[in-house]
Every structure is written in structure tokens, then in C-alpha cells.
Amino acid sequence: MEAKFEDVPDEVWKYVEPWLPEPPSHARGGRSRVDDRLALAGIVYRLKTGCQWKAIPRQFGSGSALHRRFQEWAEAGVFHIFLAEMVHYYDDRVGVDRYLRSDNGPEFVSSAILRWTTAEGIETAHIAPGKPWQNGTDESFNGRLREECLTS
């Protein structure tokens with residue numbers, strides 16, 4: 001496995017850790033919980049490689065445990081907050097265009113996305129009809145977003 005998947009860099013972790021929800025109590029026993037930082041590394045591995053949850057290397061914990069953690073954090077809004085934090089981080093260092101380019105898919109018409117873009121001063125830019133080269137990786141991203149976050 002490539003070293004880039006083995007850990008979450010300190011520079012990234014410091015932006016994520018404060019937003020993670022408190023772990024549930026294990027008063028009734030059961031297996032010990034996978035470390036949050038290791039779980040995030042496993043989730044990033046899954047999202048970058050596109051592998052199935054069950055195919056995630058065991059060094060990150062079981063695929064089912066990581067999937068539960070992903071769902072737990074998604075419900076808590078961790079990934080929305082993390083996206084905003086990373087946009088600010090990148091903007092401070094390099095600068096970013098203040099628009100979000102997307103196709104006209106239903107996932108980008110949601111009120112949550114519209115509230116976030118408005119609050120952040122981000123304009124939306126849609127892919128022009130008949131201009132498939134503007135699409136880039138949008139279709140792949142939209143498919144994964146739809147599958148992982150919107151149909152859970």
C-alpha cells in the first residue's frame with residue numbers, strides 16, 4: 001500500500017479532530033473502537049481508490065466499522081464542515097476561485113449546498129450545455145457523492 005494512505009497528516013488532522021462527535025459509550029462491552037485518525041485514513045483510502053468497504057485493508061479496521069463511522073460522521077455534518085475548513089485552508093495558501101462548478105444534477109440544488117455557498121460568498125457556475133470538456137471529473141464525483149452521501 002502506498003504510504004500516502006497510511007496516515008492523516010498532522011496539518012489536516014488539526015482541522016478535522018475538533019469537529020468529530022464524542023464516541024458513544026461502550027458501557028455494555030464489545031470491541032474497542034477504531035481510533036478516529038486511523039478511521040479517517042481508512043475512509044480517505046476508500047474514497048480515493050473506489051474500493052468496496054469490505055476491501056479496505058485490515059490495517060484500518062474492518063470495512064463495516066469504517067462504514068459505520070463514515071455514516072456517523074456524515075450525519076453529524078463533519079464532512080460539510082471539513083470541506084469548508086479545507087477551502088479556507090487552500091484559499092489562505094494559494095487562493096481559490098469563488099465559484100462551484102457543477103452539472104445541473106439534483107444534488108447541487110439542495111438547500112444545504114445553496115446555504116453554504118451563499119454563506120461562504122461562493123457563486124455557482126453550471127457546465128454549459130454542449131461543452132463536455134467543462135465536465136472534467138464532475139460526473140464521477142457526482143456519482144460517488146450520490147452513492148455515498150445522499151442515498152444512505
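**Entry 1. The chain as a whole**

I began with burial: 32% of the 152 residues of the protein chain count as buried. I note at once that this is a predicted model. I then looked up the confidence, and the mean pLDDT of the protein chain is 79. A value of 70 or more is reached by 74% of the residues. Confidence is highest in α3, with a mean of 94. Confidence is lowest in helix α6, residues 138-150, where the mean is 61.

Next I listed the secondary structure. The protein chain has 6 helices and 2 strands. Along the sequence they follow the pattern α-α-α-α-β-α-β-α.

I also looked up the surface and the contacts. The protein chain exposes about 10,100 Å², and carbon and sulfur atoms supply 53% of this area. Among contacts in the protein chain with a separation of 6 or more, 64% join residues 24 or more positions apart.

**Entry 2. The nonpolar core**

Which residues of the largest nonpolar core touch the most other members? I found that they are I56 and W73, in a core of 18 residues. The elements that give two or more residues to this core are α1, α2 and α3. Helix α2 supplies the largest share, 5 residues. For background, I recorded that nonpolar side chains tend to be buried together in soluble globular proteins.

I then followed I56 in particular. Leaving aside residues up to four places away in sequence, I56 touches G42, Y45, R46, C51 and L66. Two of these names, Y45 and R46, return in the next entry.

**Entry 3. Aromatic rings**

I counted the aromatic pairs and obtained 5. One of them is formed by Y15 and Y89. Their ring centres are 5.3 Å apart and their planes stand at 70 degrees, an edge-to-face arrangement. Y15 belongs to helix α1 (residues 10-16) and Y89 to helix α4 (residues 78-93), so this pair ties together parts that are 74 residues apart in sequence. Is Y89 buried, exposed or partly exposed? Its relative accessible area is 22%, and I entered Y89 as partly exposed. The cut-off matters here, because buried means under 20%.

A further pair joins Y45 and F60. This pair is tilted, with 5.7 Å from centre to centre and 35 degrees between the planes. Y45 lies in helix α2 (residues 36-49), whereas F60 lies in the loop between α2 and α3 (63-75). The two residues are 15 apart, and the pair links distant parts of the chain. Both members count as buried: Y45 has 15% relative accessibility, and F60 has 0%.

I also found one aromatic cluster, made up of W53, F70, W73 and F79. W73 was already in my notes as one of the two core residues that touch the most other members. At W53 I looked for a charged neighbour over the ring. R46 lies over the face of W53, at 5.2 Å from the ring centre.

**Entry 4. Single residues in loops**

V34 is placed in the loop between α1 and α2. Apart from residues up to four places away in sequence, V34 touches A39, F60, G61 and R69. F60 is thus a contact of V34 as well as the ring partner of Y45. For V34 and G61 I noted a C-alpha to C-alpha distance of 6.4 Å, although 27 residues separate them in sequence.

K54 lies in the loop between α2 and α3. This lysine is exposed, with a relative accessible area of 79%. K54 and L66 are 12 residues apart along the chain, and 9.4 Å separates their C-alpha atoms.

**Entry 5. Single residues in a helix and a strand**

V87 lies in helix α4. What does V87 touch, not counting residues up to four places away in sequence? I found V96, R98 and W116. I also looked up V87 with E120: they are 33 residues apart along the chain, and their C-alpha atoms are separated by 9.8 Å.

R101 is found in strand β1, residues 99-102. R101 is partly exposed, with a relative accessible area of 32%. Between R101 and T124 the C-alpha to C-alpha distance is 6.0 Å, and the two are 23 residues apart in sequence.

How values were computed: Residues numbered from 1 in each chain as written. Predicted model: local features only at pLDDT ≥ 70, side-chain atom pairs only at ≥ 80, totals over all residues. Heavy atoms only, no water. Phe/Tyr/Trp six-rings, centres within 6.5 Å; stacked < 30°, edge-to-face > 60°. Helix = DSSP H or I, 4+ residues; strand = E, 2+ residues; numbered from the N terminus. Buried < 20%, exposed > 50% of the residue type's maximum accessible area, 1.4 Å probe, protein only. Lys NZ or Arg CZ within 6 Å of the ring centre and 35° of its normal. pLDDT = per-residue confidence, 0-100. Core = buried A, V, L, I, M, F, W, Y, C linked by side-chain atoms within 4.5 Å. Contact = heavy atoms within 4.5 Å. Areas by Shrake-Rupley, 256 points an atom, 1.4 Å probe, with all protein chains shown as cover.
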